[in-house]
Amino acid sequence: MTDLDLAQLTAAALEVAREAGQLVLQGWRSRPSYERKASYADLVTEFDLASERLIRSRLAERTPSIAIVGEEQGGERSEAPTWYVDPIDGTVNFAHGHPCFAVSIGLLVAGQPLAGVVVAPALATEWHGFVGGGAFRNGKACRVSETTELSDALLATGFSPVMRRHGSPEDNVDAFCRVMPQVRDLRRCGSAAHDLCLVADGTYDAYWERKLATWDIAAGTALVLAAGGRLTNLQGAPADLTNGYILASNHHLHDALLPLL
Ligand code: 2AM
Ligand code: CA
């Protein structure tokens, strides 16, 4: 599909994400001030902005031929190899001092997630990998789980601010209520990038969400695929990372979950 050196690109992005993670960690639990973007639940802090500036300048030095699209500064979407940067995924958590937030950098080529790095500095945990090259958690190879029964499964989901706008006909609450009684338990931790990494490393057996942004999921979906997982939209068709309706699973539970979502 591509003659990019995915191992080299992933290694470069991991170093950049680590540096951004250390920058962001300095602001964690400092009660950073924030501004509301589209809604009361869609925030930006000075650390989101500083993290994206740092990531952009480092990526431009290290991988000058790869385009960049970031949550805070935008960029041009195309079929060409592009880094999708979320300088802090889980900004609401970050702003409230909750540890589930991450720096996320994913590589898309023709819309397909091929490589990803996610660094969660307050959890001292990082994931990296690329499709065909495996996935790694803190440097150790990881894979999706082997769970085959919903009753044995730990799942995760989320409610993006777009989804939660009052009166949305596509409210994820209905799906949450259908899945909850069928599974061992269901988490909602507020960072899509982190949730996807926990599918990739076998902690969660599956994760779904609606209306995410491409930068929320570019890295995490690449890691799920690198770790042997399955990724579709909520109808079982190929996932479209531009509209952000995704189900990521360990394969075994995928077909049982689709009708519930
Ligand atoms: P963020 O913190 O980078 O904004 C919560 O379930 C998830 O929704 C997080 O990954 C969060 O990412 C994401 N999210 C927040 N605002 C969003 C928006 N306007 N569109 C899509 N996803 C969003
Ligand atoms: Ca963000």
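Q: Which class does Arg-58 belong to: buried, partly exposed or exposed?
A: This is a predicted model, in which local features need pLDDT of at least 70, side-chain atom pairs count only at pLDDT 80 or more, and totals for chains, interfaces and linings use all residues. Residues are numbered from 1 along each chain as its sequence is written, chains are lettered from A and ligands numbered from 1 in the order in which they are written, and side-chain values use heavy atoms, leaving out hydrogens and water. Buried means under 20% relative accessible area, exposed over 50%, and partly exposed in between (1.4 Å probe, protein chains only). Arg-58 has a relative accessibility of 25%, so its class is partly exposed.

Q: Which residue meets Arg-58 in a salt bridge of 3.8 Å, N to O?
A: A salt bridge is a side-chain nitrogen of Lys or Arg within 4 Å of a carboxyl oxygen of Asp or Glu. An α-helix has 3.6 residues a turn, so residues three or four places apart point the same way. The partner sits 3 residues from Arg-58 in helix α2, about one helical turn away. At 54% relative accessibility it counts as exposed, and the residue that pairs with Arg-58 is Glu-61.

Q: How many residues apart in sequence are the parts tied together by Asp-152 and Arg-184?
A: The closest N and O atoms of the salt bridge between Asp-152 and Arg-184 are 3.2 Å apart. Asp-152 lies in the loop between β9 (140-142) and β10 (154-157), and Arg-184 in the loop between α5 (172-179) and β11 (185-187). Asp-152 is partly exposed at 37% relative accessible area, while Arg-184 is exposed at 55%. The pair therefore ties together parts whose separation in residues is 32.

Q: Which residue in helix α1 forms a salt bridge with Glu-126?
A: Helices (H or I, at least four residues) and strands (E, at least two) are DSSP runs, numbered from the N terminus. In this salt bridge, N and O are 2.6 Å apart. Glu-126 lies in strand β7 and its partner in helix α1, so the pair ties together parts 108 residues apart in sequence. Glu-126 is buried at 13% relative accessibility, and the partly exposed partner, at 38%, is Arg-18.

Q: How far apart are the end C-alpha atoms of helix α1?
A: The expected span of a helix is 1.5 Å times one less than its number of residues. Helix α1 covers residues 6-25, which makes 20 residues and an expected 28 Å. The model agrees with this, because the distance between the end C-alpha atoms is 28 Å.

Q: Which elements are among those covering the buried residues of α1?
A: The buried residues of α1 include Leu-6, Leu-9, Ala-13 and Val-24. Contact here means heavy atoms within 4.5 Å. Among the elements that cover them are α2 (46-62), β4 (82-89), α3 (91-96), β5 (102-109), β6 (112-120) and β7 (125-130).

Q: Which residues are the protein donors of the calcium ion (ligand 2)?
A: Donors are N, O and S atoms within 2.8 Å of the metal (3.2 Å for Na, K and Ca); water is not among the atoms, so sites may look incomplete. Along the chain, the donors of this ion follow the spacing E-x14-D-x1-I. They lie 2.0 to 2.3 Å from the ion, and they are Glu-71 (OE), Asp-86 (OD) and Ile-88 (O).

Q: What is the relative accessible area of Ile-88?
A: Two donors of the calcium ion are Asp-86 and Ile-88. Asp-86 counts as buried at 0%. Ile-88 is also buried, with a relative accessible area of 2%.

Q: Which residue has a polar side-chain atom 2.9 Å from a nitrogen atom of ligand 1?
A: A backbone polar atom of Gly-90 is 2.6 Å from an oxygen atom of ligand 1. A polar side-chain atom of Glu-209 lies 2.8 Å from an oxygen atom of the ligand. For the nitrogen atom at 2.9 Å, the residue is Asp-216.

Q: Where is Ser-104 placed?
A: Ser-104 is buried, with a relative accessible area of 0%. Leaving aside neighbours within four places in sequence, its contacts include Tyr-84, Asp-86, Val-117 and Trp-215. The place of Ser-104 is in strand β5.

Key:
Polar contact = N/O pair within 3.5 Å; in protein donor to acceptor, adjacent residues only side chain to side chain.
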